[in-house]
Amino acid sequence: MVSTTKIKSVDFYRKIPRDLTEASLSGAGLSIIAALAMMFLFGMELSTYLAVTTHTSVIVDNSSDDDFLQIDFNVSFPALSCEFASVDVSDVLSTNRLNLTKTIKKVPIDPHLRETGEEYHPTPDSDLINHGDEHHDDNTYAAMSLTGRTFDKISNKFPILVVNFYAPWCYWSSRLRPSWEKAAEITRQKYGPEDGRVLLGSVDCTEEPTLCTKYHIQGYPSIRIFHNGSDLTGDDGHQEHDSYHGNRDTESLLKMVEELLRPIKKSDGTTNHAASRIRKAPVSGGCRIEGYVRAKKVPGELVISAVSGSHSFDASRMNMTHFVNHLSFGRLISDRLLTDMKRLQPYLGLSHDRLNGKWFINEGKFAANVTIEHYLQVVKTEVVSRRFGQEHSVIEEYEYTAHSSVAHGYYYPVAKFHFDLSPMQVLISENPKSFSHFITNVCAIIGGVFTVAGILDSIFQSTYGIMKKVELGKNF
């Protein structure tokens, strides 16, 4: 059996009896300095260990997600009605998706971008409108022509005033005209001056642009219904009224008039089809369009425009000025990753929302057909972290650069967002320090400072002893 004496022989730290040691002021001072140096160097090493060091590289995009890219947006158009606002997506592979509604929300707004109503929901089959087969080239039937001077007087005189806001050059206005004039004549004969409950009139928007602008007429023809004595007038003087979205043949128009003159519900409790086509007219001419679309990862474009299968638009009066509240690509970063985002912000490009909070205004450089286009170069940025010997993705985001322009076009004005995805991606790799390396450095700091302090103390004591001997005249 090994004796304790032999075990003690391998002791690297043999003790000197305390009675044989002597403390000194110089040694105490040096010890304090050494302790402070150890603490300072330890803090520096700990800060270096906890700091994030990254390596940036550009590689071919090896995304693990699917072949589609999500585009989130929130854009406000002060002069585009929700009734006609359409969101389309197309790409170079000839994929065209028109008038998307499932993931899109449209909210009416005023010129100051404030909400003026609830979310707009389109009328079903609004593009499948029957115009009838009436053809009257002469003016046998003529609805009363209304102007800015006579409009208020007539609307106050009749409890119900149904107005056709039209443009002579408009194809759909021409289709409506025979049916409208015939319905106006029949209504005048059936509900004559002695009745005085209803009147059908017309407003030529090319002659009365101010009146049409007042009631936010953007598409022709637009049939509006004014109820004298029941409508509310806002602070801006705008009179709330209804809009008719049903068929435009004579029979349907007359049926609509009859339903306006009696309770909306029939005696059997069912809802009349003509009445179901009447809804509140917009009290403002703007729209905030928000939501998301999914597009293939190929060059394409997101287009917001005015579209209708039964209306025409005056390109010279259309204004696609807009304010981008938000526009980003890829999945939205969750709250769970916000802490990591703050830690990694110095290493990210911070260009995932380059257009946010910006106005794009039609400054009137061109007379008509002014289109505002944005060209977006999109690149994926991925941050990869290596912790506990495993590699995992912390953040995947799409950053983009944006260049915008205002130009004259040959068709109706639109707002276009062209996007082109780069085949490369930016890979940011976190390189955490090894804990064993940290411990080794801490030991090196403690041992090194202790050893250096001991050497300095030995040099100081030897020098001090020699100086004492010299003062005493002793040889050494």
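**Entry 1. Salt bridges**

I take a salt bridge to be a side-chain nitrogen of Lys or Arg within 4 Å of a carboxyl oxygen of Asp or Glu. The model I examined is a predicted one. My search of the whole structure returned 7 salt bridges.

I looked first at arginine 114, whose side chain meets that of aspartate 110 in a salt bridge, at 3.0 Å from N to O. Aspartate 110 counts as buried, for its relative accessibility is 11%.

I then turned to arginine 288, which forms a salt bridge with glutamate 115; their closest N and O atoms are 2.8 Å apart. I noted that this pair links distant parts of the chain, since arginine 288 is in strand β12 and glutamate 115 is in the loop between β5 (104-109) and β6, 173 residues apart. Are the two partners buried or exposed? Arginine 288 has a relative accessible area of 14% and is therefore buried. Glutamate 115, with 51%, is exposed.

The third pair I recorded is aspartate 242 with lysine 280, where the closest N and O atoms are 3.9 Å apart. Aspartate 242 belongs to strand β10 and lysine 280 to strand β11, so this salt bridge ties together parts that lie 38 residues apart in sequence. I found aspartate 242 buried, at a relative accessible area of 12%. I found lysine 280 exposed, at 57%.

I also checked for shared partners: salt bridges join Glu115, Arg288 and Glu290 into one network.

**Entry 2. The sheet around β10 and β11**

I next asked where strands β10 and β11 sit. They belong to an open sheet of 6 strands, in the order β6-β8-β7-β9-β10-β11, with mixed pairing. I identified the edge strands as β6 (144-145) and β11 (278-280), each of which pairs on one side only.

Strand β10 (residues 242-244) runs antiparallel to β11, and 3 bridges join the two. I looked up aspartate 242 again: its bridge partner in β11 is lysine 280. Aspartate 242 and lysine 280 are thus listed in my notes both as strand bridge partners and as a salt bridge.

I then examined the helices against this sheet. Helix α4 (residues 171-190) packs on the sheet and touches β7 (160-166), β8 (198-204) and β9 (222-227). The direction of α4 makes about 150° with that of β8. Helix α6 (residues 250-260) lies across β7, β8, β9, β10 and β11. Relative to β9, helix α6 runs at about 20°.

**Entry 3. Disulfides**

How many disulfides does the structure hold? I counted 2.

One disulfide is formed by cysteine 82 and cysteine 287, with their sulfur atoms 2.1 Å apart. The link is right-handed, with 100° about the S-S bond. Cysteine 82 lies in the loop between β2 (68-77) and β3, and cysteine 287 lies in strand β12 (residues 286-296), so the pair ties together parts 205 residues apart in sequence. I recorded cysteine 82 as buried at 4% relative accessibility, and cysteine 287 as buried at 0%.

The other pairing I looked up joins cysteine 205 to cysteine 212, with the sulfur atoms 2.0 Å apart. This disulfide is left-handed because the torsion about its S-S bond is about -90°. Cysteine 205 is buried, with a relative accessible area of 5%. Cysteine 212 is likewise entered as buried, at 3% relative accessibility.

I numbered the bonded cysteines in sequence order and obtained the pairing 1-4, 2-3. I then looked for a cysteine outside this scheme. Cysteine 170 is in no disulfide, and the nearest cysteine sulfur, which belongs to cysteine 205, is 10.0 Å away. Cysteine 170 counts as buried, with 0% relative accessibility.

**Entry 4. Aspartate 91**

My last search concerned a charged residue without a partner. Aspartate 91 lies in strand β3 (residues 85-91). The residue is buried yet has no salt bridge. Which side chain of opposite charge is nearest to aspartate 91? I found lysine 296, at 5.3 Å. The cut-off for a salt bridge is 4 Å, so a separation beyond that limit is not counted.

I finally listed the contacts of aspartate 91, leaving out residues up to four places away in sequence: Lys296, Val298, Pro299 and Gly300. Lys296 thus touches aspartate 91, although aspartate 91 has no salt bridge.

Technical notes: Residues numbered from 1 in each chain as written. Predicted model: local features only at pLDDT ≥ 70, side-chain atom pairs only at ≥ 80, totals over all residues. Heavy atoms only, no water. Pairing = 2+ DSSP bridges. Helix = DSSP H or I, 4+ residues; strand = E, 2+ residues; numbered from the N terminus. Contact = heavy atoms within 4.5 Å. Axes fitted to C-alpha atoms, helices over the stretch in contact; angles between N-to-C directions. Buried < 20%, exposed > 50% of the residue type's maximum accessible area, 1.4 Å probe, protein only. Lys, Arg positive; Asp, Glu negative; His and termini not counted. Disulfide = S-S within 2.5 Å.
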